[in-house]
Every structure is written in C-alpha cells, then in structure tokens.
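Here is a short walk through the interior of a protein model, from its empty spaces to its strands and loops. Have the structure open beside you and follow along.

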Amino acid sequence: MTDHAFDTDTAVERTGDHRYATALTDRWGALGGTPNGGYMLAVALRALAQDMPHPDPLVVSAHFLRPGAVGPGEVVTEVARAGRRVATGEARLSQDGKETVRLLATFGDLGSADGRTEILNAPPDLPPPDETPDVLEGGVMPGVSITEQVEYRTPRPPGWATGARGGDPQIEFWMRFRDGRDPDPLALAALVDAAAPAVLDLGVPGSATLELTVHLRARPAPGWLACRAYTRHVIGGYHEEDFEIWDSQGTLVAQSRQFALLPG
C-alpha cells in the first residue's frame, strides 16, 4: 500500500476466511456528505480482489442498499466460480451489522486480452489538460470532500457550477487524482462515479445511485483521463448516467451505467 489517499482509504485487513475489516474515511464525501458510492465500491472490490485468482476486474455490478457512514466496516467475500480465463465472486460491505453495498464482479487478465477489436467511437475532443481550466478553480464544493481528492478540468464549466442550468445533461472533461496517483483498473471502478452527476444541469439538487455497473476495458496508461458523462432519460424521478473513461493514449479503459433516484 502507498501513501496515496485512494490506497490508504480503500485499505482492507483480512480478519478471517473471506472476511476483511476496513474503515470508511471522510475524504470521499459526496453530495449530502455521505461516502461516495464509487469509493465504497472500491473498498468492497479491493477485498474481493484478495480472493480472486485473476488480477483485473472486468465487470462489476454494485447495488447500494443504504447510505454509508464514516467509520468502521466489514467486507465479506465469496468466490462463486473460478475458471481458467475468468472468475466471479461477490462482496458485501456492512456497517453496524447492516449491509450497505453488495457487488458481483468477474475478474480476468486485461494484459492477455488479444481478441477481435473494433472501436466505433472516439475519445472526447478536449484541449490539453494544462490549457483547460479547473472546474472548481482550486476550490471545493461545500460539504463534498471528494473534490479535494480528484481534479476536474473542462473547457466550459457545467451549468450547475455557474448557477445557470443549461438543460443539457452531458459533459466532457479531464480527471485525475490530485495527489498524482496514476490510474489502474481498481481506481477506474471508483472514478466512474467520482464526478458530479450530469443530470445536475437539469436543475436538480442531487442524485442517489441505486445500482452501478462498470466495464473495465484495458489497463490505463499513466496520466490524465478524458471522460464523457451524459443522461438521456429521466422518467418518474429515476435516471441513468452513462460514463466513459479514455486514458492519456486515447484508449477506452472504462465504461459505466448507473441507475439513480432524484430527490423526492
């Protein structure tokens, strides 16, 4: 483990067979002040990774059963099946005896993936990061501590950041850890949920994730990550958000879709 905040704050300690102790910190607070969902997913996924025979998460689906809280927790894991190319397992993060996050994940080896490849998409067309303004201009959003850990740069600030809602819930931007930690597949699984929801541009005050599915497509190159987030459907108070992450070499390294609830 390193002294980077992400590694320190997602650390787990084995306490028995398929059981791990952890502690959620106050450095990854989301809207409302509760621990960010992607952060909690990463804690559970790090524990599960200890028991899997393959190095990389390929697909992760997490259900958020109740809000997390700063403080101790326990992760219980189970390996459902271990095969030659892929293995699937489950992790359950609990606090005070109540389950907070349950995830199912399949692991493999992204370094050995060599099958057919066709990309019918392109990375976000962004100016270089050093020519792109910090969305928060060095500041943070009140009560949202995750912005102290993750940096966001975009050519044009989203409507929610300027107080002028644009009515177009999509954004393209650069992202990286503020302390210089380079991305890896575990970090990507958290970072797909590390930005403010695109749906804020419709004038809503927040969004609560119910389920998040992440696809890890490649091990990322070091450096900045180019991101694209958008919502196309808000129905009955529920919405989806699609998220793409492209690495500094222009490779698609992660995708996600989450299903979320708007405040009532």
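Helices, at least four residues of H or I, are DSSP runs numbered from the N terminus. That numbering is used for every element below, and please keep in mind that this is a predicted model.

**Cavities**

Rolling a probe the size of a water molecule over the atoms shows where empty space is left. In this model, a search of the whole structure turns up two cavities of 30 Å³ or more. Here they are side by side.

| Cavity | Volume | Nonpolar lining residues | Polar lining residues | Charged lining residues |
|---|---|---|---|---|
| Largest cavity | about 50 Å³ | eight | two | no charged residues |
| Second largest cavity | about 30 Å³ | four | two | two |

Which residues line the largest cavity? They are F6, W28, N36, G38, Y39, I146, F177, A190, L191 and A194. Helix 2 and helix 4 (185-191) each give at least two residues to this lining. The wall of the second largest cavity is made by H4, A5, F6, W28, Q149, F177, D179 and R181. If you would like to compare the two lists, F6, W28 and F177 are good places to start: they line the largest cavity, and they also line the second largest cavity.

**A pocket**

Turning from enclosed space to open space, the second largest pocket has a volume of about 780 Å³. Its lining counts 26 residues, and L110, A113, T117, R217 and A218 are the ones nearest the centre. Sorted by class, the lining holds 10 nonpolar, nine polar and seven charged residues. At least two lining residues come from each of strand 9 (208-216), strand 12 (238-246) and strand 13 (252-261).

**Nonpolar cores**

The largest nonpolar core has 62 residues, and the members that touch the most others are L103, Y152, M175 and I245. Helix 2 (residues 37-49) gives this core its largest share, nine residues. There is also a second, separate core of six residues, with L126, W174, W246 and L252 among them.

L103 is worth a closer look. Setting aside residues up to four places away in sequence, L103 touches L41, A44, L45, L48, V60, S61, A62, G89, E90 and A91.

A189, in helix 4, meets two of those leucines as well. Beyond its neighbours within four places in sequence, A189 is in contact with L41, L45, V214 and L216. Is A189 buried or exposed? A189 counts as buried because its relative accessibility is 0%. For a sense of scale, A189 and G237 are 48 residues apart in sequence, and their C-alpha atoms lie 25 Å apart in space.

**Paired strands**

Now trace a series of antiparallel pairings, starting at strand 7. Strand 7 (residues 150-153) is joined to strand 8 by four bridges, and the two run antiparallel. Y152 has M175 as its bridge partner in strand 8, and both residues belong to the group with the most contacts in the largest core.

In a regular strand the side chains alternate between the two faces of the sheet. In strand 7, V150 and Y152 point one way while E151 and R153 point the other way, and all are buried.

From strand 8 (residues 170-177), six bridges lead on to strand 10, again antiparallel. Within this pairing, W174 stands opposite A226. Strand 10 (residues 225-230) is mostly covered, with five of its six residues buried. Five bridges then join strand 10 to strand 12, and these strands also run antiparallel. Here Y230 faces D242. Strand 12 is one of the strands that contribute to the lining of the second largest pocket.

**Two loop residues with positive phi**

Most residues other than glycine have a negative phi, and most peptide bonds are trans. H18 has a positive phi, near 60°. H18 sits in the loop between strand 1 (13-16) and strand 2 (19-24). H18 counts as partly exposed because its relative accessibility is 34%.

D96 also has a positive phi, about 55°, although it is not a glycine. The loop between strand 5 (87-95) and strand 6 (98-108) is where D96 is found. With a relative accessible area of 78%, D96 is exposed, because exposed means over 50%.

Notes
Residues numbered from 1 in each chain as written. Predicted model: local features only at pLDDT ≥ 70, side-chain atom pairs only at ≥ 80, totals over all residues. Heavy atoms only, no water. 1 Å grid on protein atoms, 1.4 Å probe; cavity = no way out; pocket = protein on both sides within 12 Å on 5 of 7 lines; lining within 4 Å. Points joined across faces, edges and corners; volume = space filled by probe spheres on them. Nonpolar A, V, L, I, M, F, W, Y, C, P; charged D, E, K, R; others polar. Buried < 20%, exposed > 50% of the residue type's maximum accessible area, 1.4 Å probe, protein only. Pairing = 2+ DSSP bridges. Core = buried A, V, L, I, M, F, W, Y, C linked by side-chain atoms within 4.5 Å. Contact = heavy atoms within 4.5 Å.
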